[in-house]
Amino acid sequence: MDDDVTASVPTAAQQPSPLSPELTAEDWRRAKSAMAVALDPIGNGEAAPWSNPETALSGSFAPAGQPYVKGDDVCRDFFADLVLQTGPRKLQGKACRPSGGEWSVVEAGPAKKPT
């Protein structure tokens, strides 16, 4: 029985998305593509949708403000709408990308209500 392994901590493969543990690796791959389109500094500033017919999950990303430089990265705030099994979720956060690299979420949390 020494070979039995139990774990209560999710591995990166089990929790691929910083936005929700409900997103599978394929959901997050599709979502990241939409995020890259939405946050592109030379893009049109429109929301970019994504969906995965296999899991029935979907969502969209929209830029929140202009891109800015932080250290050696280009960063941009965003809003994300997710349609999950547990219901809709609105998030806001910040993603950054090194020159020539991929966007990476550096912070995300529930969207704050406008004041």
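Before anything else, one term: when I say two residues touch, or are in contact, I mean that they have heavy atoms within 4.5 Å of each other. With that settled, hello everyone, and thanks for coming. What you have in front of you is a predicted model, so please keep that in mind as we walk through.

Let me begin with the overall layout. The chain has one helix and six strands, and from the N terminus the order is α-β-β-β-β-β-β. Of its 115 residues, 30% count as buried. Looking at contacts with a separation of 6 or more, 37% of them are between residues 24 or more positions apart.

Now to the helix. Helix α1 covers residues 25-39. At 1.5 Å a residue, its 15 residues should span 21 Å, and the end C-alpha atoms are 21 Å apart, so the expectation and the model agree. Which residues of α1 are buried? They are Asp27, Trp28, Ala31, Ala34, Met35, Ala38 and Leu39. Seen down the helix axis, these buried residues fall within an arc of 125 degrees, and therefore they line one face of α1. As a reminder, an α-helix has 3.6 residues a turn, so residues three or four places apart point the same way. And what do the buried residues of α1 pack against? The answer is β1 (48-52), β2, β4, β5 and β6 (104-110).

Let's pick one residue from that face. Ala38 lies in helix α1 and is buried, with a relative accessible area of 1%. Leaving out residues up to four places away in sequence, Ala38 touches Glu46, Ala48, Phe61, Ala62, Pro63 and Arg76. Its C-alpha atom is separated by 8.5 Å from that of Phe78, which is 40 residues apart from Ala38 along the chain.

On to the strands. Strand β2, residues 57-63, pairs with strand β4, residues 73-84, in the antiparallel sense over six bridges. In that pairing Ser58 stands opposite Val83. Strand β3, residues 68-70, is also antiparallel to β4, with three bridges joining them, and here Tyr68 stands opposite Cys75. β3 and β4 form a hairpin with two residues between them, and Gly71 in the turn has a positive phi of about 65 degrees. Then there is β5, residues 87-98, which runs antiparallel to β4 and is joined to it by twelve bridges. Asp81 of β4 stands opposite Lys90 in β5, and the hairpin between these two strands again passes through two residues.

While we are on backbone angles, have a look at Ala56. Its phi is near 65 degrees, a positive value in a residue other than glycine. Ala56 is in the loop between β1 and β2. Is Ala56 buried or exposed? At 58% relative accessibility it counts as exposed, because the cut-off for that is over 50%.

Next, the aromatic rings. How many aromatic pairs are there? The count comes to one. The rings of Phe61 and Phe78 have their centres 5.6 Å apart and their planes at 65 degrees, so this is an edge-to-face pair. It links distant parts of the chain, with Phe61 in strand β2 and Phe78 in strand β4, 17 residues apart. Both Phe61 and Phe78 are buried.

That brings us to the core. The largest nonpolar core has 20 residues, and Leu19, Leu23, Trp28, Met35, Trp50, Phe61 and Phe78 touch the most other members. Elements giving two or more residues to this core are α1, β1, β2, β4 and β5, and the largest share, six residues, comes from α1. Trp50 deserves a closer look: leaving aside neighbours within four places in sequence, its contacts include Leu23, Ala31, Ala34, Leu57, Phe61 and Leu82. Asp27 and Arg30 are among the contacts of Trp50 too.

I'll finish with Ala47, in the loop between α1 and β1. This residue is partly exposed, with a relative accessible area of 48%. Which residues does Ala47 touch, not counting those up to four places away in sequence? They are Phe61 and Ala62. The C-alpha atoms of Ala47 and Ala62 are separated by 4.1 Å, although the two are 15 residues apart along the chain. So that is the tour; thanks for listening, and I'm happy to take questions.

Note on methods
Residues numbered from 1 in each chain as written. Predicted model: local features only at pLDDT ≥ 70, side-chain atom pairs only at ≥ 80, totals over all residues. Heavy atoms only, no water. Pairing = 2+ DSSP bridges. Helix = DSSP H or I, 4+ residues; strand = E, 2+ residues; numbered from the N terminus. Phe/Tyr/Trp six-rings, centres within 6.5 Å; stacked < 30°, edge-to-face > 60°. Buried < 20%, exposed > 50% of the residue type's maximum accessible area, 1.4 Å probe, protein only. Expected span 1.5 Å × (residues − 1). Arc of directions from axis to C-beta. Core = buried A, V, L, I, M, F, W, Y, C linked by side-chain atoms within 4.5 Å.
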